[in-house]
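Here are a few friendly notes to read alongside the model. They take up one helix pair and one sheet.

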Amino acid sequence: MTGFARTTTTYQQGAHTLAGEYYTSPAISHDEIEQLFRRTWMCVGREEELKEAGSYVLHERFGDSIMVVRGRDGVVRAFHNICRHRGTKICEAVSGRFSSTIQCPYHAWTWSTEGQLVGAPHMHEVEGFEKRDHPLLTVPVALWEGFVFVSHDPSPPSFDEVFRPVIDRFGRFGVGALVRVARREYEVKANWKLIMQNYNECLHCPTIHPELNQLLPYTSGANDLHDGAFLGGYMDITAANESVTVTGRRCGLYLGDLPDEDKRRAYYYSFWPNMMLSLHPDYANWYAVWPLSPDRSLVTCEWMMHPASESSAGYDPQGPVELWHTVNAQDWHICEMSQAGVSSRAYKPGPYSPRESIPAAWDRQYLLRMHGNNEKHGRHEKHE
Ligand code: FES
Ligand SMILES: [Fe+2]
């Protein structure tokens with residue numbers, strides 16, 4: 001992955017990398033799941049995967065199994081994958097389509113795709129039993145630009161409020177209508193934060209990604225989201241190249257009705273906590289990074305294009321897939337090298353440069369969410 005050519009406007013003198021325990025401690029890893037991941041909106045896929053009534057995908061993370069289902073009424077909902085009878089997990093296959101109802105395999109309690117209990121053998125013999133008291137347990141779900149978000153927290157802050165900095169930002173790219181052309185999953189032997197930090201800067205591009213640096217010089221562009229939960233900006237595509245592909249040629253239609261300046265730019269944003277969105281003139285990628293343990297992560301990566309690209313001249317979805325598969329592998333390798341280094345007891349936090357103002361801002365956000373005050377931040381940042 002790449003990052004950004006960065007302006008220095010938000011650089012805070014004295015910013016240092018995180019202490020080693022943040023990359024190695026099982027206790028901190030556990031706290032991250034409780035305090036960060038289970039308390040925020042997380043992207044679990046695209047609405048495109050739920051085209052038909054009854055279609056579903058499972059989101060299985062952090063000890064929960066959640067079914068995201070399109071009801072027969074067309075509405076996307078999410079439910080805990082737990083039977084209201086004796087608690088059994090209802091659905092095993094990670095994706096599919098429910099016929100017209102959702103049935104527990106144990107004693108056949110049955111719900112509509114909207115989550116209402118419609119069948120419960122012999123329960124009418126139970127005094128006071130009402131089907132309406134036993135719907136599937138709902139999980140908050142939000143849809144934005146074709147992405148599906150869920151919250152493990154049953155009472156999250158409003159999605160629109162949380163996403164306000166970006167909610168109307170990408171309308172011109174038509175992200176909601178894009179279709180998936182490829183998907184890859186990668187297991188990386190590195191802490192999830194090293195992967196987020198890596199995405200958030202391009203100081204490493206000349207050394208780690210020489211091919212990419214030809215297309216997107218690391219000193220080009222500027223940040224336009226400098227602080228908070230949403231971070232990033234754009235880079236300029238070098239003249240003569242039309243896009244960020246192996247050949248430098250455009251691989252499909254422009255994503256949307258783009259102004260001329262966007263036809264020569266690539267935008268890279270990280271969304272708190274674990275999502276990344278890369279927008280190029282003719283394709284987009286999005287990533288999610290999931291912690292598996294303090295030193296291992298799963299990264300899902302999808303490439304998307306304009307739905308009419310397939311029939312356009314020069315259609316070549318392999319162009320971006322090949323390029324980013326190479327770039328991703330370069331990033332995973334250096335993240336694994338970082339993990340190896342910061343895991344040593346000899347590691348001490350090092351200073352960020354002004355070209356790393358965005359990973360420094362990401363770390364600030366992380367510490368704020370983990371500890372909520374500056375006292376502890378200082379203690380960790382100044383670990384000597
Ligand atoms: S546990 Fe599901 S029907 Fe009995
Ligand atoms: Fe990179």
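1. At roughly what angle do the axes of helix α4 and helix α7 cross? The axes of α4 (residues 192-199) and α7 (residues 318-342) cross at roughly 125° and come within 10 Å. Because angles under 35 degrees count as roughly parallel, over 145 as roughly antiparallel, 65 to 115 as roughly perpendicular and the rest as oblique, α4 is oblique to α7. Axes here are lines fitted to C-alpha atoms, for helices over the stretch in contact, with angles from 0 to 180 degrees between N-to-C directions.

2. Before going on, please note that this is a predicted model, where local features need pLDDT of at least 70, side-chain atom pairs count only at pLDDT 80 or more, and totals for chains, interfaces and linings use all residues. Residues are numbered from 1 along each chain as its sequence is written, while chains are lettered from A and ligands numbered from 1 in the order in which they are written.

3. Leu194, Ile195 and Asn198 of α4 meet Asp331, Ile334, Cys335, Ser338 and Gln339 of α7 (contact: C-beta atoms, placed from the backbone, within 7 Å). These residues comprise 4 nonpolar, 3 polar and 1 charged.

4. Now for the sheet: 3 strands lie in the order β6-β7-β8, open and with antiparallel pairing (a pair needs at least two DSSP bridges; helices are H or I runs of at least four residues, strands E runs of at least two). β6 (101-103) and β8 (117-119) are the edges, each with a single partner strand, so one side of each lacks a neighbour in the sheet.

5. Between β6 and β7 (residues 110-112) there are 3 bridges, and Gln103 sits opposite Thr110 in β7.

Definitions and conventions: Two residues are in contact if their C-beta atoms, placed from the backbone, lie within 7 Å. Ala, Val, Leu, Ile, Met, Phe, Trp, Tyr, Cys and Pro count as nonpolar, Asp, Glu, Lys and Arg as charged, and the others, Gly among them, as polar.
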